[in-house]
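Visitor: I should like to take a close look at a single part of this structure. Please explain it step by step, with each term defined.

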Amino acid sequence: MDGRLHNWVNWILYDELIDGKINAPKHLLGNHDYGDGQVITCYKPHSSSVSVKTLTGKTCIPMEKIGEEGFYGIYFSTKRFKGNKYRFVTEYYDGTTVETADCYAFDGQITDYDAYLFAEGKNYDIYNKMGAHPMTIDGVKGTYFSVWAPDARRVSVVGDFNMWDGALNPMQIHPASGIYELFIPDVFPGAVYKFQILTRYGEILYKADPYGNQDQVRPDNANIVADLSYTWKDNAWIENRKKQDRVARIKQPMSIYECHLGSWKKKIEDSDFGFYNYRELAEMLGDYVTEMGYTHIELMGIAEYPFDGSWGYQVTNYFAPTSRYGTPQDFMYFVDEMHRRGIGVILDWVPAHFPRDAHGLGRFDGMPLYENADPRKGEHPDWGTYIFDYGRNEVINFLTSNALFWVEKYHIDGLRVDAVASMLYLDYGKRDGEWVANKDGGKENLEAIALLQNINKVMEERNPGAYLIAEESTAWPGVTAPADMKGLGFLFKWNMGWMNDFLEYMKLDPYFRKFNHNRLTFSLSYTYSENYILVISHDEVVHLKCSMLNKMSGLEFDKFANLRTAYGFMCGHPGKKLLFMGQEFAQLREWSEARSLDWYLLDDPKHKGIQDFVKELNHMYTKYDALYYNDNDVMGFEWMKVDDAESGIVAFVRRGKTAKDQLLFVCNFVPVERKGYRVGVPCISGYKEILSSDDVKFGGLGRNNPKTIRGEAIPCDRMDYSIQMDVPPLSVTVFKYDYKDSIPTQKKSK
């Protein structure tokens, strides 16, 4: 061996390399200055020879083989090769020859400032560095890999490009940050990879990339190198979105269609892989949602997850849209197409917990990393999942940057945050002894609160018009108050209280509804405490809870009438709206992720009538600003009739920007027709019926009020004026009127 080469080699690092324990391979491998000359080394196990080749290919110089394990080196008395301006030509015993650039001759991409911000929890663009990123460095194409694994002994990139051999591409640790990185030439989009991690205890783990952008289709669970480039066509949408501050956003209509893409429609029934592609769904679903009059679509479970039955709420790859329906570009097309049609896109987002799958985040580098080490803080006993360590800056950074990632890379308009209550309370789902109080002795999770406040604040600053929605099932105060006012900072909150009370009311036999009238009216006592979305979500039509139609009381005709009444009342109640797919045409069966919705039901006029009614409600909702503009202002709603529990009738008005086109809702929740029924009204005006759930076209019997009804100066329901009308059984009737302050002058009789 050349003595100068022998003197240069760090034999401790050499032993670590051969033993598969090296975490700083660039200190041994690659191109290194040595005095006036240089040393180039490489590690090519199972090879017969390696040569260094100039980029022009004119010179190819054999390297010296040191030992039998595949370590090669060469000493040059001058600095012959600058940086990475050379290639390795490797010959193997089977006659194969491979030419490649030296991955250890390229500079890292993680700067000291990147590492500092990451450690502070404030590197919000870290998704541009972490993960796998195809790029060209110094004219060489390849993929840059980066992963955070501070407790690992060694991390290697393994994949179909290196025979899944962890000895070939050990990564370089960044000092003091716990981040490993490596640029591997000639690895291109489509390559399959994982991180092989040697733990401090000698265990070998194969982990999916926490920041990976594409996965294999389950049950395979490796990552795929992905190119996220895409030419967006929604610039006008995004620019308009930026103009929507908090106040403007809550005054806009939101009628949301909650959808599970895999079961909305399936290309092949009874198949685990019979899904439509994102692009196909964009056309079909886009047409349907537009025709039905929805303003937004909310997608369940898009971030990659291994088990279909989790519906996407057991996430293993937070930065990858599920490959069940196509590639990242396919999903970008989906969002782009929705925006072209004027449809906002909301994603369900799950920062509350993550599963224990071996390839996922759990015990990522052999130690608790993303989860809290204390099982009383880091595990959900009821769910069998891990809880994120909300007090660790790098985990805070992971979640914050992930929320931003979906908005900034995929142009998502809003994130609906799942299971917020489980984040807010340290004792959520736990018995005594299974949780630890906060520093003040309380059960509030102060670290999770700070995280949610910061995410909402940063989102508003970086992406004006984008927003977060809380699924929060308790009475936590200030969920939708701005973070700088000590609120959590969400823009909207699901109104779980209304949903539970209203559905329990609708399940009752009409005779018993008069004894539970408060279930119908109580929500108006707190409706202005938050910015609410009224929801009838997927959770209400699974696990033996029945479909919406089968929740309704009575025989078949009354079930359909009850359902139309329920949807009509929901439309009139203050708050944005969300309805789960299938309920718009009265799906009979409970929802299952394994099959398509029962679209054949639309051949039945009764189901088609429900669909047409929901469509009419949606179009009425967006047409009349009385139904949304003042959702959060007391002047936007007023009870006209609220205490007639015996008759089962309630009436209320909704008011918009102006005195014109105000709406009166009259809802009858019992199967008794009321002819000549008197209802108090706010003024003497003409009240024109614009919608009746009893219309024949919706499946009713057509007991309408065809003529405009004039208000009369007859006191009723605490109002000075009233109208007399016919109220169909189990129905919602909507009247339009223009508000007038004064009583018209009556003509004198002759």
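Guide: The following account begins with the chain as a whole and then turns to one place where two helices meet.

This is a predicted model, in which local features need pLDDT of at least 70, side-chain atom pairs count only at pLDDT 80 or more, and totals for chains, interfaces and linings use all residues. Residues are numbered from 1 along each chain as its sequence is written, and side-chain values use heavy atoms, with hydrogens and water left out.

The chain contains 18 helices and 36 strands; these are DSSP runs numbered from the N terminus, helices being H or I with at least four residues and strands being E with at least two. Its C-alpha atoms fill a box of roughly 125 × 55 × 45 Å, taken along the principal axes. Of the 750 residues, 60% are buried, where buried means under 20% relative accessible area, exposed over 50%, and partly exposed in between, with a 1.4 Å probe and protein chains only.

The part to examine is the meeting of helix 8 and helix 10. The two helices pack at an angle of about 75°, and their axes are 10 Å apart. Axes here are lines fitted to C-alpha atoms, for helices over the stretch in contact, and angles run from 0 to 180 degrees between N-to-C directions. Helix 8 is therefore roughly perpendicular to helix 10, a label for angles of 65 to 115 degrees; under 35 counts as roughly parallel, over 145 as roughly antiparallel, and the rest as oblique.

On the side of helix 8, P328, F331, M332 and V335 take part, and they meet W406, K409 and Y410 of helix 10. Contact means heavy atoms within 4.5 Å.

Two of these residues, F331 and Y410, also form an aromatic pair, which is tilted, at 5.5 Å centre to centre and 45° between the planes. Rings of Phe, Tyr and Trp (its six-membered ring) pair if their centres lie within 6.5 Å; planes under 30 degrees apart count as stacked, over 60 as edge-to-face and the rest as tilted. Because F331 belongs to helix 8 (residues 328-340) and Y410 to helix 10 (residues 393-410), the pair ties together parts that are 79 residues apart in sequence. F331 is buried, with a relative accessible area of 0%, and Y410 is likewise buried, at 0% relative accessibility. A search of the whole structure finds 62 aromatic pairs.
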